[in-house]
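Subject: Structure for you, with cavity notes

Hi,

Here is the structure I said I'd pass along. Have a look at it first, and then read on for what turned up inside.

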Amino acid sequence: MVHQDEGSSSSVTSSPLQNFSNMPLHPHPGAGAAGAGATPPWMLRELRSDERGLCLIHLLLNCAAAASSGRLDAANAALEHIATLAAPDGDAMQRVAAAFAEALARRALRAWPGLCRALLLPRAGPTPAEVAVARRHFFDLCPFLRLAGAAANQAILEAMESEKIVHVIDLGGADATQWLELLHLLAARPEGPPHFRLTAVHEHKDLLSKTAMALTKEAERLDVPFQFNPVVSRLDALDVESLRVKTGEALAISSSLQLHRLLATDDDTPTAPTADKERRRKSSPDSSGLLSPSTSRADAFLGALWGLSPKVMVVAEQEASHNTPGLTERFVEALNYYAALFDCLEVGAARGSVERARVERWLLGEEIKNIVACDGAERRERHERLDRWAARMEGAGFGRVPLSYYALLQARRAAQGLGCDGFKVREEKGTFFLCWQERALFSVSAWRGRRFD
């Protein structure tokens, strides 16, 4: 169901957010404090919606430039003016500005560790249960995770044709929705359902228990032989042996918005193209399937998965570049990306929606804070574009598998059925890009762990 409030500045109509990718996004040094300070607060409050959006964008960019260069007085001045215009319950631009302003304020506070600890540590983030609720709301309000899950299930179903024992590893297994749908697909196979074994990896045991209960109940109802194997672990600490892959079973691996967190253990230093090429060459498996000691954590993990010989591995990731070491470049990319997501949510939910507020505060807002305010190993939301992931997958020994035309038709039909022209599915070389307007926000790609002639 598509909601749009009268007078809203978002949706398919022209808005600062929709046109954001066409705007000059380079901050102007020194403009943050002086430029904003020249405008009285009462004049800022009386701006029209589109004027306010443009003003917020430039204030945010100049605040980020000031914070990045250590000019905290200028950053503080910009934040004062942003507070006049932004609102967590306003239109899409006001809400995204409020989220980024909080992230910038947190980053500025890090210059004073004592203040930072006193003010920020007592304010705990959302609980695992709240994050799970927010992800559920995001699934309902925006089609991206739904479409990614449907594409992954179709790829798994096609790869597992005629297999008697199917083992699926879910590298972020806190949500049963995708696997409930796969249970139905397996139950409807002409040759009958296989024995379905699901290994779900998540760091919180209680969420895994809820997933197990929901899936076990549905499998019994559908008469599908089912076994659930919970693995309580963070992805960066996962022991591949705990996945308990057995001889004789057909293996599939699914990763939905998880792999980028492995990059948090890598060094922040930018890698030169020649060095990156050499790293990928060194990280390719040798004849024994082992990786060299110089391999990064992400490459080593992918190499270990390759060693399990999956028939298919489906990867969904944010189609964004949020892993650059410099704050300003990362901030510009993140503001562009999350502006599109907030605009999408503006269409998916009515003004004042509690569900949308939870998504923006507990899910997207936490990602924004991590991208902007954190560095080093603390910065886990290191989203990268498909071309970077393709290089890693190929370096680990995987070969690309085109997602089927049938899956594309299904995804496009689902997007069209939402009643809004803004949701689109683009296909390039067998990979799906899930888009809002013309902006790709997520990619879905399939890979196989054994190369076939």
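Below are my notes on the cavities.

One thing up front: this is a predicted model, and every value here is computed from it. The cavity search came back with two cavities of 30 Å³ or more.

The largest cavity holds about 70 Å³ of space. Three elements each give two or more residues to its lining: α7 (128–141), α13 (327–348) and α14 (354–373). Of the elements, α14 gives the most, with three residues. If you want to select the whole lining, take Arg135, Phe138, Leu145, Leu257, Gln318, Tyr337, Leu341, Leu363, Leu364, Glu367 and Phe442. By class, that lining splits into eight nonpolar residues, one polar and two charged.

The second largest cavity comes out at about 50 Å³. Here the elements giving two or more residues to the lining are one helix, α8 (144–159), and two strands, β4 (250–256) and β5 (312–318). The residues to pick are Ala148, Gly149, Ala152, Gln178, Ser254, Ser255, Ser256, Val314, Val315 and Ala316.

What about charge around the second largest cavity? Its lining has no charged residues, just five nonpolar and five polar. The lining of the largest cavity, on the other hand, does include two charged residues.

That's what I have on the cavities. Shout if anything looks odd when you load it up.

Cheers

Notes:
Residues numbered from 1 in each chain as written. Predicted model: local features only at pLDDT ≥ 70, side-chain atom pairs only at ≥ 80, totals over all residues. Heavy atoms only, no water. 1 Å grid on protein atoms, 1.4 Å probe; cavity = no way out; pocket = protein on both sides within 12 Å on 5 of 7 lines; lining within 4 Å. Points joined across faces, edges and corners; volume = space filled by probe spheres on them. Helix = DSSP H or I, 4+ residues; strand = E, 2+ residues; numbered from the N terminus. Nonpolar A, V, L, I, M, F, W, Y, C, P; charged D, E, K, R; others polar.
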